[in-house]
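The exercises below concern one protein structure. Please work through each task before turning to its solution.

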Amino acid sequence: MVGMGWFMCMVIMVCVVSCGYAAPGAKFEELYRSSWAMDHCINDGEVTKLKLDNSSGAGFESRSKYLFGKVSIQIKLVEGDSAGTVTAFYMSSEGSNHNEFDFEFLGNTTGEPYIVQTNVYVNGVGNREQRLNLWFDPTTEFHTYSILWSKRSVVFMVDETPIRVHKNLEDKGIPFAKDQAMGVYSSIWNADDWATQGGLVKTDWSHAPFIASYKDFKIDACEVPTTADLSKCSGEDQRFWWDEPTVSELSFHQNHQLIWVRANHMIYDYCFDAARFPVTPLECQHHRHL
């Protein structure tokens, strides 16, 4: 029996490593803190809620800064008529030449699909929006939204399905976000001047408060001691799990998932907006899955 017990222990350990076991997320206060409108950031057991009403929105931020890794949060978006509201989950550095990776969830009138907008800023330059409709109702249950950032790429994921890949194309002369530590943030605010149908549909405050709910907070990333000292995370002799080719490159299955998302749910891609960009952006010329 001792031998069998040892064998079963080894099986469990191997499965934890190789079978995709997901460790439980941390408590909100272990990784995050309210960053503004603290009375609109509500802790309710395992769930944290951000509230928007006609007096204020709200936001929270990570307690630490990171360089490369994966961040994930489960979010249940505003139910019902959410027109005019924006809920954001993003990573960002500081300053005018900042880097930033955005999920922005654009509210809509009841019955209309939520639009998810992603954007990438490098050295203060954004204008790389993509928009898609989700293949589920994000207001009835929690779903996981993740950003995987490595030296090779930035991957946006919904329930572990990749919806966007922004590759490192420095060899083509295109800057990539790799030398600024980032915090992790989320917020909800009123953006009825642009969020829903280009600003045609305004926020109906009779439906306030608008609530976005969060749980299962995970950050598996390289924490920097200070934003000026990145050696722990970026040195040539440093190697982390997200640097492995099997992680930093999409698998065959993930590539097919991304193709499916783009074919069936994408409604806007800056790469094909000739009115905004008469000359196709250089990165769009080199990678079909931007």
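Five exercises with worked solutions follow.

The model is predicted, so local features are reported only at pLDDT of at least 70 and side-chain atom pairs only at pLDDT 80 or more, while totals for chains, interfaces and linings use all residues. Residues are numbered from 1 along each chain as its sequence is written, and side-chain values use heavy atoms, with hydrogens and water left out.

**Exercise 1. The nonpolar core**

Identify the residues that touch the most other members of the largest nonpolar core.

Solution.
Step 1. A nonpolar core is a set of buried Ala, Val, Leu, Ile, Met, Phe, Trp, Tyr and Cys residues joined through side-chain atoms within 4.5 Å. Buried means under 20% relative accessible area, exposed means over 50%, and partly exposed lies in between (1.4 Å probe, protein chains only).
Step 2. The largest core has 60 residues, and Y32, F101, F103, Y145 and W149 touch the most other members.
Step 3. Strand β14 (residues 210–223) gives the largest share of this core, 7 residues. Helices (H or I, at least four residues) and strands (E, at least two) are DSSP runs, numbered from the N terminus.
Step 4. Another core, of 5 residues, lies apart from the largest one and includes V86, I115, A191 and A195.

**Exercise 2. Strand β10 and its partners**

Determine how many residues of β10 are buried, and describe the pairing of this strand with β5.

Solution.
Step 1. Strand β10 spans residues 143–149, and 7 of its 7 residues are buried.
Step 2. H143, Y145, I147 and W149 point one way from the strand, whereas T144, S146 and L148 point the other way.
Step 3. Two strands pair if DSSP finds at least two bridges between them. Strand β5 (residues 66–76) pairs with β10 in the antiparallel sense over 7 bridges, and Q74 stands opposite T144.
Step 4. Strand β11 (residues 153–158) also runs antiparallel to β10, joined to it by 5 bridges. Here S146 has M157 as its bridge partner, and a hairpin of 3 residues connects β10 to β11.

**Exercise 3. Salt bridges**

Explain which parts of the chain are tied together by the pair K65 and E94, then locate the pair R152 and E249.

Solution.
Step 1. A salt bridge is a side-chain nitrogen of Lys or Arg within 4 Å of a carboxyl oxygen of Asp or Glu. The whole structure contains 12 salt bridges.
Step 2. K65 and E94 form one of them, at 3.7 Å from N to O. K65 lies in the loop between β4 (58–62) and β5, and E94 in the loop between β6 (85–92) and β7 (100–106), so the salt bridge ties together parts that are 29 residues apart in sequence. E94 is exposed, at 57% relative accessible area.
Step 3. In the pair R152 and E249, the closest N and O atoms are 3.6 Å apart. R152 sits in the loop between β10 and β11, and E249 in the loop between α4 (245–248) and α5 (252–265), 97 residues apart. R152 is partly exposed at 36%, as is E249 at 29%.
Step 4. E244 and R239 form a further salt bridge, with the closest N and O atoms 3.1 Å apart. Salt bridges that share partners join R152, K167 and E249 into one network.

**Exercise 4. Backbone geometry**

Find where the cis peptide bond lies, and state where N123 and D159, each with a positive phi, are placed.

Solution.
Step 1. Most residues other than glycine have a negative phi, and most peptide bonds are trans.
Step 2. The cis bond joins A208 and P209, with omega about 5°; P209 lies in the loop between β13 (183–190) and β14.
Step 3. N123 has a positive phi of about 55° and lies in the loop between β8 (115–121) and β9 (130–133).
Step 4. D159 has a positive phi of about 50° and belongs to the loop between β11 and β12 (161–167). D159 is partly exposed, at 34% relative accessible area.

**Exercise 5. The second largest pocket**

Classify the residues that line the second largest pocket.

Solution.
Step 1. On a 1 Å grid over the protein atoms alone, a pocket is an open set of points with protein on both sides within 12 Å along at least five of seven lines, and lining residues have an atom within 4 Å of a point.
Step 2. The lining includes K27, F28, E29, K215, D216 and F217, and β14 contributes the largest share, 3 residues.
Step 3. Ala, Val, Leu, Ile, Met, Phe, Trp, Tyr, Cys and Pro count as nonpolar, Asp, Glu, Lys and Arg as charged, and the others, Gly among them, as polar. The lining accordingly has 3 nonpolar, 4 polar and 5 charged residues.

Note on methods
On a 1 Å grid over the protein atoms alone, a cavity is a set of points where a 1.4 Å probe fits but cannot get out, and a pocket is an open set with protein on both sides within 12 Å along at least five of seven lines; lining residues have an atom within 4 Å of a point.
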